[in-house]
Each structure stands twice: as structure tokens, then as C-alpha cells.
Amino acid sequence: MPFRPAAIIATALAATLLSHAAMADQLDDIKKKGELVIGVLGTDEPNSFVDPKTREIVGYEVDIAQAIAKKIGVKPVFKQLAVAARIPELQQGRVDILAASLTHNKEREAQVDFSLTTFVTGQKVLVKTASGISDLPQLGGKKVLTVKGGTQEPNIRKAVPGVDVVTFETTQQAFLALQQGKGVGYVNDEASLVNDYAKLGAAKKDYTILSQSISVEPLALGLKKGEKSLKTTVDGVLRELESSGEADKLFAKWYGPTTKLQFDKRSFKIDSDQI
């Protein structure tokens, strides 16, 4: 076969163009389609939940995601996800970012990138007072309920060897199962647990939140691996929220003294993506 340098050059150029096309920037794609698709839980008050009056998804993480969409100049579109579906939906491109109570841990760093930490909480256990349980070790051999696909299950197994864990598709299903007597304890992030506890009303006297945390959970927005432009934009918005004082206002709006959770102040700053 004769040597054809022009053909070789053309082939190399085509390969280069295909390579650049494969590496298309996600931020540009978001701008072109005119919308930011945000994966949320929609069942985790006050991070993201359905307002019973308006039937719209609202919450702390929802407000943050809306600020990001505004900065990019696109429409925010919220898509409800199950806890276990969050990372697969992001990896498969069905959502652009996750604002879904996602814990940033080392194991997940191999799957997704994370924004600056947007919230820090701990995980605790709510038990029925009649169970007589007042300390974590007493949960050994007992049935404890939580959501499927989150960090709650591995954390409670690590904290209490021998615990019998039953998982549900949503935290609210697990919480209802506790009330129905299907287990002696219910595990969730502390902020959400306090919110669920408040919903019990007069029945609060029948339940106790154990004092010990089983973990510390830094929550962040989830981003597709390697999308540096999008991460830079997202982190820039978060830094602006912190420096402008809007982060304090958002915390007060959803977690502060006038809310059901009645947290006095933030114990964290939105300034780092390191854990």
C-alpha cells in the first residue's frame, strides 16, 4: 500500500476532533438547553420537600440550587429521586447536579465530584421510649429502620455490631414504620430526625432521640466527575452566598429559631470541599 501522509494527517485530525467532542463541557451544554436539571429527594424536610399548600418542591438545598441556576442564566428543573438512585442518575446524565442530602465521603469521591460543603449534620437514632433503650449498644440484636442507599445503614451497623437493619425506599416510610411498631429505632441525619420528631406532636412523649451521634455527615452538591467548569461555577455561587450573608439567611429560613428545628446558629461555613 502506498504511503499517504495526507491521509494520515486527516485521520489524526478527525481523531482529535472526536476527542474534543467527547470532552464537551457540561456547563456549555446546560446553557445551550436553557435549563439545569437538579436531582432532589423531595422527601427530606427541610432540605427538599413538597410544600403541602403549593405542591412545589422547596427547601434549603432547593434555594441553593435556584441560586446556581440563576447565576448560570437558565431555568431550574427539579427531579425527584430515590436515595439509592442519586448517583446512578447523575452518572447517566439524567440530572446535571444533585441537591439531595448527599453525604460527601471518600468512598463516593471515586464516583462523583462534590461542591463545597453546604451543611454539616450528624446521624442519630430515634427510639420508642417504651423500648427502654437509652444507649446505642442496647440496639444490638434489635430491629432498626432507615432509608435504603444512604450512609445511615453502614453507619449504624458500624456503631452497633449485631443490629438488625431494615431499609425502606424513603426516610418517611422508615419513620412511619417506626410508628407502626415495625422496629424499635429509626436512623436519620440529625436535622431531619429533629424535624420528624417535631411532627409527632403530642406523641413526642412516647419517643426519645438518643444523645450519641453515630457519625458526622458533611453534605454537598453532587457533580459529574471531571466537569471542572461546572464545579468552578457552583463553588463560586456557594462562596458568594457565604460572603454576602445569604448563607446565614438560608440557614435561618429553614433551620433557625423560628422553624420546627429551632437551631440557634450554624456550626459550619460554606468554604471548603475537603473532608
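Strands E8 and E9 (residues 164-168) pair in the parallel sense over five bridges; strands are DSSP runs of at least two residues, labelled E, helices are DSSP runs of at least four residues, labelled H or I, and both are numbered from the N terminus. Two strands count as paired if DSSP finds at least two bridges between them. The model is predicted, and local features need pLDDT of at least 70, side-chain atom pairs count only at pLDDT 80 or more, and totals for chains, interfaces and linings use all residues. Residues are numbered from 1 along each chain as its sequence is written, and side-chain values use heavy atoms, with hydrogens and water left out.

Within the pairing of E8 with E9, valine 144 has valine 165 of E9 as its bridge partner. Strand E8 (residues 143-147) is mostly covered, with four of its five residues buried. Here buried means under 20% relative accessible area, exposed means over 50%, and partly exposed is in between (1.4 Å probe, protein chains only). E8 also pairs with E10 in the parallel sense, over two bridges. In that pairing, leucine 145 has tyrosine 186 of E10 as its bridge partner. E10 is in turn joined to E7 by five bridges, and these two strands run antiparallel. Tyrosine 186 of E10 is the bridge partner of leucine 126. E10 is mostly covered as well, five of its five residues being buried.

Lysine 182 occupies the loop between helix H6 (171-179) and strand E10 (185-189). This residue counts as partly exposed because its relative accessibility is 47%. Neighbours within four places in sequence aside, lysine 182 is in contact with Lys143, Leu145 and Ala177, where contact means heavy atoms within 4.5 Å. Its side chain makes a polar contact with the side chain of glutamine 180 (3.3 Å). A polar contact is a pair of N or O atoms within 3.5 Å; within protein, one must be able to donate a hydrogen and the other to accept it, and residues adjacent in sequence count only if both atoms are side-chain atoms. The C-alpha atoms of lysine 182 and lysine 124 are 18 Å apart in space, with the two positions 58 residues apart in sequence numbering.

Helix H7 (residues 190-199) has Ala191, Ser192, Leu193, Val194, Asn195 and Asp196 buried. The elements covering these buried residues include E2, strand E7 (113-128), H6, E10, strand E11 (207-209) and helix H9 (246-255). After H7 comes glycine 201, whose phi is positive, near 60 degrees.

Two residues of H7, Ser192 and Asn195, are among those touched by glutamate 45, as are Lys199 and Lys260, when residues up to four places away in sequence are not counted. Glutamate 45 lies in the loop between strand E2 (43-44) and strand E3 (48-50). With a relative accessible area of 17%, glutamate 45 is therefore classed as buried. The side chain of glutamate 45 makes a polar contact with that of lysine 260 (3.2 Å).

The strands on either side of this loop belong to an open sheet of three strands in the order E2-E3-E4, with antiparallel pairing. E2 and strand E4 (57-58) are the edge strands, each pairing on one side only. E3 and E4 run antiparallel and are joined by two bridges. Phenylalanine 49 stands opposite valine 58 in E4.

Two packed helices are described by the angle between their axes and the distance between the axes. For helix H3 (residues 60-72) and helix H8 (residues 228-244), the axes come within 10 Å and cross at roughly 115 degrees. Axes are lines fitted to C-alpha atoms, for helices over the stretch in contact, and angles run from 0 to 180 degrees between N-to-C directions. The contact involves Ile64, Ala67, Ile68, Lys71 and Ile72 of H3, together with Leu230, Thr233, Val234, Val237, Leu238, Glu240 and Leu241 of H8. These residues divide into nine nonpolar, one polar and two charged; Ala, Val, Leu, Ile, Met, Phe, Trp, Tyr, Cys and Pro count as nonpolar, Asp, Glu, Lys and Arg as charged, and the others, Gly among them, as polar.

Glutamate 109 is found in the loop between strand E6 (97-103) and E7. Its relative accessible area is 26%, so glutamate 109 is partly exposed. Outside the residues up to four places away in sequence, glutamate 109 touches His104, Phe114, Lys225 and Ile275. Glutamate 109 and lysine 204 are 95 residues apart in sequence and 38 Å apart in space, C-alpha to C-alpha.
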